Amino acid sequence: MCGIAGILTTESDQNHLERLIQRMQGALQHRGPDDQGVYIAPNRQASLAHTRLSILDLTPAGHQPMSTPDGRYWITFNGEIYNFQQLRSQLEAKGEDFCSRTDTEVILKLYQYMGADCVKQLRGMFAFAIWDDLEKTCFLARDPLGIKPLYYWQSGSTLIFASELRAVLASGLPEICLSREGLYGYLTSGSVPEPQTLIEEVRILEAGHWLFWRAGNVHQSRYWQIAFATESITAPEAITMVRKALIDSLQHHFISDVPVGVFLSGGIDSTAVVALSRQIQSGALNTYSIAFEEKEWNEGDLAQKVADKFGTNHTEYKITASMGRSLLPQFLDAIDQPSIDGFNTFCVSQIARKSGMKVVLSGLGGDELFGGYKSFQNVPRMVRLGQQLQPLQPVIAGIGMGLERWGTSTRLRRLGDFLQQVPSPVVAYRSFRGIFSHWEACQLLKSYFPDRELPARQSHKLDSDDLPSWEDEVSHLEISHYMRNQLLRDSDVMSMVWGLELRVPLVDRTLLETIACIPSQLRLAPSKQLLIQAVPELPEWIVNRPKRGFFFPYEQWMQAEWQDYFRQINCPRHIPLKLWYRRWCLAILQHWWRSISR
């Protein structure tokens with residue numbers, strides 16, 4: 001796991017190339033404290049930077065940017081390729097020799113053989129750039145599910161890219177202008193939806209896409225997308241398929257030349273990861289969790305009970321309100337783009353890294369793949385209600401407008417937003433998951449863009465073909481929106497700020513492709529029944545406990561020890577901020593914008 005950056009240009013004045021790439025590299029130093037390197041092409045059309053966190057082949061042979069022996073191809077790579085050993089064997093069978101034991105070299109030589117199609121062979125999380133010094137081209141790619149980020153900015157013939165937005169901005173080339181579209185997406189969803197960022201003209205390469213640069217011209221293409229297709233599969237067959245796929249994914253995610261730990265929250269997903277890890281790892285296994293003094297939020301005892309059952313070396317990090325407040329300045333500095341999440345990963349990553357870990361596994365992804373959220377029941381219910389009310393339009397739309405503007409609760413305002421649109425799973429999902437309604441977001445935008453036209457309601461459609469069921473559509477949305485734009489992005493930034501690699505074995509392309517054919521009534525049965533049946537090692541006291549997300553006691557803390565951070569929030573009086581996540585959303589945005597624009 002590393003940080004990458006690069007500059008591609010045909011500009012005649014390239015004397016500042018070294019200075020710019022070093023500034024970008026410096027902004028990524030926390031992602032790779034073990035080594036760093038810079039490559040500048042002889043014609044000075046390309047400069048690549050790398051900061052390394054050594055996980056595979058800890059020797060200097062893993063140094064990046066890395067080149068082929070003839071010096072034609074150069075790569076800077078962030079991520080892990082879990083099937084690199086199989087790919088290496090295939091290349092060796094063709095007579096290829098290797099100078100290292102890294103997955104980086106496998107990608108480089110696979111590109112040499114296959115060009116852009118190499119990404120279809122890679123299993124893992126990745127963002128990389130490969131410069132061809134003969135053809136003077138650069139190929140950039142991002143993994144199918146968007147685990148690793150890749151930001152870029154283009155002006156004229158110049159394109160710059162990096163693992164974090166802060167590194168793109170560190171070049172000094174993009175103008176620091178707030179993006180209206182990015183901010184609207186943030187206000188309505190709690191995170192910035194790709195390909196937008198909060199900075200005008202800076203984009204994130206979408207998951208499952210590659211980008212090709214030649215002489216200042218850019219071509220972009222999608223190479224993978226989510227697809228669900230129902231086949232005739234019985235419940236016992238589905239259970240067997242899921243278990244086999246889970247164990248296969250975990251086996252691949254344990255590939256490392258350093259120890260691998262597990263984040264353990266005491267929920268079904270992380271407990272399943274620990275339980276199945278014990279089918280693979282018989283030796284020492286380190287687990288990490290967060291606990292609180294507040295009993296209604298504390299799950300530390302449950303995590304410890306799981307650790308005892310499966311014989312792990314468990315470390316608990318108890319966070320008090322005052323301790324959390326002392327960590328807030330570091331957390332705020334770590335934010336690359338605001339969201340309404342991230343602090344939990346920031347805290348537990350700190351304790352894992354301080355205990356000597358470089359790699360940890362997380363149970364992230366189980367809810368999205370196996371129907372663990374309330375959205376799987378509530379979104380179809382909202383669509384059915386909306387369809388029943390359609391004959392009463394436009395009366396219903398008028399009622400919706402009134403609810404959105406004057407509703408006494410956040411839920412009523414989001415319902416009003418929904419009632420003004422043609423009902424569909426996408427519309428219902430965005431209203432259900434929303435932070436501020438469309439009208440509220442527009443009112444908030446006025447303080448940032450007083451002279452700009454306000455956005456219209458977004459067009460709502462999925463970026464894939466028709467799916468077999470509404471529940472499959474919800475799964476697609478949870479994976480491609482909430483998980484990708486918020487959970488994965490925060491997990492990357494908040495673990496890497498401590499120099500920790502966070503792996504997500506439930507967010508695996510092969511796993512998803514394997515179980516995608518299971519009918520939704522089995523795969524997405526309420527309370528993650530299929531996952532539970534596939535992992536019978538799960539204790540009953542985990543399975544039978546009420547479903548609840550992992551949350552900090554933000555409400556109490558924001559009213560007490562943390563109140564000085566959340567007291568002054570710029571917001572029109574007619575927009576309620578009673579719910580903590582609305583106050584958090586605006587306060588974090590204000591802090592980030594002040595720090596980035598000063």
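These questions and answers cover a sheet, two nonpolar cores and two helix pairs in a predicted model.

Colleague: In what order do the six strands of the open sheet lie?
Modeller: The sheet is open, and the pairing is antiparallel. Neighbouring strands are turned by 15° against each other on average, direction ignored. The order is 2-3-1-9-8-10.

Colleague: Which are the edge strands?
Modeller: An edge strand here pairs on one side only. The order 2-3-1-9-8-10 puts strand 2 and strand 10 at its ends. The edge strands are strand 2 (35–40) and strand 10 (202–204).

Colleague: How many bridges join strand 1 to strand 3?
Modeller: Strand 1 covers residues 2–8 and strand 3 covers residues 46–52. The two run antiparallel. The number of bridges is seven.

Colleague: Which residue in strand 3 stands opposite Ala5?
Modeller: Strand 1 spans residues 2–8, and Ala5 belongs to that run. Across from Ala5, in strand 3, stands Ala49.

Colleague: How many residues has the largest nonpolar core?
Modeller: Phe128, Leu187, Phe331, Phe343 and Trp584 have the most contacts inside this core. A second, separate core includes Ile4, Tyr152, Leu211 and Trp213 and has 19 residues. The largest core has 181 residues.

Colleague: Which residues does Trp584 touch, leaving out those up to four places away in sequence?
Modeller: Trp584 is among the residues with the most contacts inside the largest core. Two others of that group, Phe331 and Phe343, are in touch with Trp584. The full list is Phe331, Ser339, Ile340, Asp341, Phe343, Tyr554, Met558, Trp562 and Phe566.

Colleague: Why are helix 15 and helix 17 oblique to each other?
Modeller: Helix 15 (residues 425–433) and helix 17 (residues 470–496) have axes that come within 10 Å. Pro425, Val426, Tyr429, Arg430 and Arg433 of helix 15 meet Trp470, Glu473, Leu477, Glu478, His481 and Tyr482 of helix 17. Angles under 35 degrees count as roughly parallel, and 65 to 115 as roughly perpendicular. The pair is therefore oblique, with a crossing angle of roughly 50°.

Colleague: What is the handedness of the crossing of helix 15 and helix 17, right-handed or left-handed?
Modeller: The axes cross at roughly 50°. The crossing of helix 15 and helix 17 is right-handed.

Colleague: How are helix 13 and helix 14 oriented to each other?
Modeller: The axes of helix 13 (residues 395–406) and helix 14 (residues 410–419) come within 7 Å and cross at roughly 150°. The crossing is left-handed. Contact residues include Gly400 and Trp406 of helix 13 and Gly416 of helix 14. Angles over 145 degrees count as roughly antiparallel, so helix 13 and helix 14 are roughly antiparallel.

Note on methods:
Residues numbered from 1 in each chain as written. Predicted model: local features only at pLDDT ≥ 70, side-chain atom pairs only at ≥ 80, totals over all residues. Heavy atoms only, no water. Pairing = 2+ DSSP bridges. Helix = DSSP H or I, 4+ residues; strand = E, 2+ residues; numbered from the N terminus. Axes fitted to C-alpha atoms, helices over the stretch in contact; angles between N-to-C directions. Core = buried A, V, L, I, M, F, W, Y, C linked by side-chain atoms within 4.5 Å. Buried < 20%, exposed > 50% of the residue type's maximum accessible area, 1.4 Å probe, protein only. Contact = heavy atoms within 4.5 Å. Left-handed = near helix turned anticlockwise from the far one by under 90°.
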